[in-house]
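This report describes two sheets, the helices that pack on them and one residue in a strand. The sequence and the structure come first.

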Amino acid sequence: MFSQKSVLARLLANENISVQQGNFETAFFDVENRVLGLPLWKEMSADVYDLLVGHEVGHALYTPSIEKIKVKGVPFSYVNVIEDIRIEKKVLNKYPGLVNNFKRGYKELVDIDLFGTKDKDVNEMGFMDRLNIKAKGRDLVDIKFSEEEQPYVDMAMDVETFEDVENVCHELVSWLGQKSEDQDQSEENAMTSDQLQDLIDQLKDEDQTPPQSDEGQSDEDENGEESNDSSSNSEEGDEEGEESSSDAKATETEDELEDEDGEKSIASKGADNPPSDLPEVETDTAQSNNMSDLVDDSCTFLQGMTRQSFELLKSDYKTVLQSRVAHDIKLDGLGYLFDEPEVSYDSFMAETKQVVNLMAKEFEMRKAAFRSSRARTSTKGSLDVNKLHAYKYDDQLFKQVTTLADGKNHGMIMLVDYSGSMYQRMPAVMRQTMALVMFCKRVNIPFEVYGFTSRRTNTSEIKEKLKAASSNLTRFDYDELQLNQLFSNKMSKSDFDLGMRTFYAQMYKLRYLPAMEDFGSTPLNAALLATQYLIQDFMKSNPVHKLNLVTLTDGESDRVYLKYGVDGTTGVSRDYAMNIKGKKVSLSTGWAEGRNNTAKILNAVTGPNVTTANFFICDRRDFKRELYTILPYNYSEQQAARKEMTKNGVWVVEKESGYDRRFIMVDKSASMSGETDDFEIESTATPAQIARAFKKHSGSKKGNRVVTKKFAELVA
């Protein structure tokens, strides 16, 4: 889905914006860097995805820079609500096909209570909240506005330019601020009325006091009159003083509120800070808070390998050949001497040619069988006059045309493991690789061969470029990958011959390989991530119908590691998710998940027209481990696999670890290199010894035949 929405976003935005999915709480658009970010939510339907993409594309098309969108004297939440109204209206006018997606998407978001309106009467909420819900829900929500509020609603809905947004925001701030002041004053007056009522009740109580006798009251009355007079004067003076003080404070407050032009700052467009007594947009705050709960925190989202990173990690065959030549010159200058190969290059090529011819024969036979099985003979057409004489006993009187199905165009990409554990097995793997290359040349199918290892000489400059290529987001750690192109059908005859000879010579000086081809770890997963671009480029330059991807390894890939970026989490989750060619791939760092991770990545980078095979070169101990891993607790099938290995020198496994077919071989027990056990006997050998030697010699040839037949059957 992500790949489709990425293309959709670019088409809608009318520019090649960068679309990224990451550990974000919400969708966003960086108007400065032209980056659209999409979150990884727990549940996100296609309508919600379209809503997010359409909304952010609206920002891409119509929203000015982030600095210009800040309006002085207006809370950002107010600006955000009005600006969202404007850009959504414009993007829906431009792309009316999104209208229903927006409606359904916002309905889903309201249903999951993204805006905090559940169990609340929306019509009892503040004006900005009702305006926000009305703008997003449209006719799906019944929102009521008073006669006083309706003009401001119409004003907000009619915005066309960002200047309109600014003007509406200032009008709303002025109006809502004044309403807030009036409400505060009403509350204050209401308190004064209560106090007045208490005073009236008190006076009523005093009037009901029974009259006292007149004895001894004359002096008190006189004193009381004097006292009342003085208190009256005092109260009168206090009232005048309070009145004058209030007038002074009011005058002072008004002076503070007024600016140079005589306008009050609450409506001033030049005010830096918005009034503190403005109502909060609760729905906007709830949206920000609730989005963090929607993020899928069960896993950490990793960026896969970008095209820019792939180009940084790959070296073409010319660079590899130059490195070999320079390295050999350096070794000769240091005085390193190497023994002559046990088998010369020419002898090896002659022996391997026999097996390659056998494999090519199998391949061509299966291609012919494919065409014949799909042959179609027409029973209609013009009369065949040469058959009219046989009309009495043969009813096939029309000219028949047999149409053969077009043969498929094949291609092959090979990945060779240069891990440290391959040291003892590398000669067998290299011979296997050369046999496959010769086979491709023999049947004239395009091919490319890559060796992969960990780059020990990776510079900080390259690592910084890799970091920038992923926009500094949390990503799969592939920094140490070194991907070397060893062979290609596009090599000139001289380059191909040099490549084959130097590759063969390396079998006898594995301790002294060039730095870029030196043994390292097993970044098979990283190499498979790069393979998606190898396949894309290969298919563009070669009209291939069926592509074969072959890996030659001796073990599982390195574990999945990540590089934290600006969107990184604390890393508490041991589960990861990664987008590969538009597919969400779930990965795990569990100790037993290595094989499953590789299978998932392999299936994601390949397609329906790609056949996958694995040549697993191992020793007896590794064979037992594979046996118990592939066939756990299945004694009968384990015994059958052991017999197959003993008989043919290879155990062929179907549909395992993400591959269509795996060839599990114990070192030199079977191969396609043409190398067989020598038929050597002593002059004094007994008939039994001669029989055993012949059986051993014939058995090695039989193993070669099994492998070549099974492989040709797969690739054809």
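Strand β9 (residues 447-454) pairs with β11 in the antiparallel sense, over seven bridges. Within this pair, T453 has Q482 of β11 as its bridge partner. The model is a predicted one.

**The eight-stranded sheet**

Both strands belong to an open sheet of eight strands, in the order β5-β11-β9-β8-β12-β16-β18-β17, and its pairing is mixed. The edges are taken by β5 (314-315) and β17 (650-656); each has a single partner strand, so one side of each is left without a neighbour in the sheet.

Two helices that pack on this sheet are α13 and α16. Helix α13 (residues 426-443) touches β8 (410-417), β9, β11, β12 (546-553), β16 (610-618) and β18 (659-666), and its direction makes about 165 degrees with that of β8. Helix α16 touches β5, β8, β9, β11, β12 and β18, with a direction at about 155 degrees to that of β8.

**S488 in β11**

S488 lies in strand β11, which spans residues 481-488. Is S488 buried or exposed? Its relative accessible area is 3%, under the 20% limit, so S488 counts as buried. The side chain of S488 reaches the backbone nitrogen of K490 at 3.1 Å. Leaving aside residues up to four places away in sequence, S488 touches Y317, F447 and E448.

**The three-stranded sheet**

A further open sheet consists of three strands in the order β4-β14-β15, again listed with mixed pairing. Here β4 (300-302) and β15 (583-588) stand at the edges; each has a single partner strand, so one side of each is left without a neighbour in the sheet. From one strand to the next, the twist averages 30 degrees.

The pairings of β14 (residues 575-580) are as follows.

| Strand pair | Direction | Bridges |
|---|---|---|
| β4 and β14 | parallel | three |
| β14 and β15 | antiparallel | six |

On the β4 side, T300 has Y576 of β14 as its bridge partner, and F301 has A577 of β14. On the β15 side, A577 is partnered by S586. A577 therefore has a bridge partner in β4 as well as one in β15. β14 and β15 form a hairpin with two residues between them. In that turn, K581 has a positive phi of about 55 degrees.

How many of the six residues of β14 are buried? Five are, so β14 is largely enclosed by the rest of the structure.

**Helix α17 and its contact with α16**

Helix α17 (residues 594-605) packs on the three-stranded sheet, where it touches β14 and β15. The direction of α17 makes about 165 degrees with that of β15.

α17 also packs against α16 (residues 524-541), at an angle of about 5 degrees and with the axes 9 Å apart. Because an angle under 35 degrees counts as roughly parallel, α16 is roughly parallel to α17. On the α16 side, the contact is made by L524, N525, L528, L529, Q532 and I535. On the α17 side, N597, T598, I601, L602 and V605 take part. By class, the contact has seven nonpolar, four polar and no charged residues.

Helix α16 packs on the eight-stranded sheet and also against α17, while α17 packs on the sheet that holds β14 and β15.

Conventions:
Residues numbered from 1 in each chain as written. Predicted model: local features only at pLDDT ≥ 70, side-chain atom pairs only at ≥ 80, totals over all residues. Heavy atoms only, no water. Pairing = 2+ DSSP bridges. Helix = DSSP H or I, 4+ residues; strand = E, 2+ residues; numbered from the N terminus. Axes fitted to C-alpha atoms, helices over the stretch in contact; angles between N-to-C directions. Contact = heavy atoms within 4.5 Å. Parallel < 35°, antiparallel > 145°, perpendicular 65-115°, else oblique. Nonpolar A, V, L, I, M, F, W, Y, C, P; charged D, E, K, R; others polar. Buried < 20%, exposed > 50% of the residue type's maximum accessible area, 1.4 Å probe, protein only. Polar contact = N/O pair within 3.5 Å; in protein donor to acceptor, adjacent residues only side chain to side chain.
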